[in-house]
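Trainee: I have not looked at this one before, so could you walk me through it slowly?
Mentor: Gladly; let us put it on the screen and take your questions as they come.

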Amino acid sequence: MEQQSPPASSSTTVTSTTPLLPQNHPWWRRHFHMNNSLSSELSGAVGDLGTFIPIVLTLTLVSHLDLSTTLIFTALYNITTGLLFHIPMPVQPMKSIAAVAVSETPHLTTSQIATAGASTAAVLFFLGATGLMSTLYRLLPLPVVRGIQLSQGLSFAFSAIKYIRYNQDFVASKATTPRAWLGLDGLVVALSSLLFLVIFTGSGDHYDRNGSDDDQPRRRNSKRLRILGSIPAALIVFLLGLVLCFIRDPSIFGDIKFGPSKIGFLSITWNDWKVGFLKGAVPQIPLSVLNSVIAVCKLSGDLFPDRELSAAKVSVSVGVMNLVGCWFGAMPVCHGAGGLAGQYRFGARSGWSVVYLGIGKLIIGLVFGNSFVRILNQFPIGILGVLLLFAGIELAMASRDMNSKEESFVMLVCAAVSLTGSSAALGFVCGILLFLLLKLRKMEYSGSTPGFSKFKFESTVDAETSSIP
């Protein structure tokens, strides 16, 4: 089994408040025990829907994605990964493939989307199975990874603000008119949801359940905050959105058809493989390696020090999911640091959170089938923006453990390039080059002999803070 090193920096103060049971308990109790309230797990389950719903809705409307098949397969992925990884491991759309699918003219077909996902999955499966992904994970400098996380988090936050402020045309992939203040999808609804989540979840801090503080006023205040934090605020906001769907368009009741769509193999041609690989997989592969494996594993170590994920296992997981589901027309998916941050932010502390989410998706896919797109089409986009905003900020805050100016410099340059060029791969390359250049600059000339010169690093360089554990 692959060994994971302990976290490199003790300054990362975000830790899980619900560790696994002691080692003397049976393995099945340690792995499937939920030392957290059911309401918190259910609230955390909806933490990544701010990214999931818009992308699924867009692909369904534009590329005729089979929503029923996607819900059923992603439900099975959620349940399986929740039980295997024991943390709220998200299952999210492959964003680059989705963006290409709706922006290309003509739009990518379902078969081409599937081949793009399967091609990406094959690469990640190979990297994970051979151990190359684990090697990459160990060698990557921590400031570069933090830069990728910061850029992804800020990108989510920027998109969330657009969702809140402007009406969205997902088919055209653009914002339209400014959102009205009043209405069932107005600014008042979005801002009220935002204030509700801030009041009940705060900044994402968590409080000691033991109440051991000797200061009585502080203890009472901590108890009050724990009571507020026990309310499943994100779940309440999401359920409000579902209720508003039917109020906005009562004709939905008449359009609902019960039962799933028929699941079958896609008809795929060689041209589909060519188009899917060149247009979809090529830009998706570096994003999946960086955000779906490297960043999510590092974030798991920050949030759950006792359950840091194996880069090889996560890479293989992404590969297996898509090598199975894409043949049936399911949407290409991956694990994402943003989804993990969002689910943790709203209370998820174990794999049971995504198991519950998977059960919900499975019921919807089997009962409502493709007609559920009518409901999603009326979901208040402002509320989705609020959920996405919290997920993005939580992910970006993972970068706060950069202690030196040099680390912060590399991280910020990497993030800036990633955001400006809309490419995590470009930011990654620039971050690596800058990191190496700064280390080369610190090399000290120590003398020479005929034919070669010798250099050495300054002794002040701390290798532990310059690479991922």
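Trainee: What classes of residue make up the lining of the largest pocket?
Mentor: The lining has 19 nonpolar, 13 polar and four charged residues. Here Ala, Val, Leu, Ile, Met, Phe, Trp, Tyr, Cys and Pro count as nonpolar, Asp, Glu, Lys and Arg as charged, and the others, Gly among them, as polar. Keep in mind that this is a predicted model, in which local features need pLDDT of at least 70 and side-chain atom pairs count only at pLDDT 80 or more, while totals for chains, interfaces and linings use all residues. Residues are numbered from 1 along each chain as its sequence is written, and side-chain values use heavy atoms, with hydrogens and water left out.

Trainee: What counts as a pocket here?
Mentor: On a 1 Å grid over the protein atoms alone, with a 1.4 Å probe, a pocket is an open set of points with protein on both sides within 12 Å along at least five of seven lines, and lining residues have an atom within 4 Å of a point.

Trainee: How much space is in the largest pocket, and which residues lie nearest its centre?
Mentor: About 1,300 Å³ lies in it, where a volume is the space filled by probe spheres set on the grid points, which are joined across faces, edges and corners. The lining is made of 36 residues, and K95, A99, S155, F156 and S159 lie nearest the centre.

Trainee: Which element gives the largest share of that lining?
Mentor: Helix 8 does, with nine residues. Among the other elements that give two or more are helix 3 (49–62), strand 2 (166–169) and strand 3 (174–178); helices (H or I, at least four residues) and strands (E, at least two) are DSSP runs, numbered from the N terminus.

Trainee: Stay with helix 8 for a moment: are S151 and Q152 buried or exposed?
Mentor: S151 is buried at 6% relative accessible area, and Q152 is buried at 12%, where buried means under 20%, exposed over 50% and partly exposed in between (1.4 Å probe, protein chains only). The C-alpha atoms of S151 and A424 are 8.0 Å apart although 273 residues separate them in sequence, and those of Q152 and A337, 185 residues apart along the chain, are separated by 8.5 Å.

Trainee: And helix 3, why call it largely enclosed?
Mentor: Because 13 of its 14 residues are buried, helix 3 is largely enclosed by the rest of the structure. Its end C-alpha atoms are 19 Å apart, which agrees with the 20 Å that its 14 residues should span at 1.5 Å a residue, the expected span being 1.5 Å times one less than the number of residues. Just after helix 3, H64 takes a positive phi of about 60°.

Trainee: Switching topic, how do strand 2 and strand 3 run?
Mentor: They run antiparallel and are joined by three bridges, and DSSP must find at least two bridges between two strands for them to pair. D169 stands opposite K174 in strand 3. The two strands form a hairpin with four residues between them, and S173 in the turn has a positive phi of about 55°. At 48% relative accessibility, S173 counts as partly exposed.

Trainee: Last one, where is the cis peptide bond?
Mentor: The bond from T105 to P106 is cis, with omega near 0°, and P106 is found in the loop between helix 5 and helix 6 (110–130).
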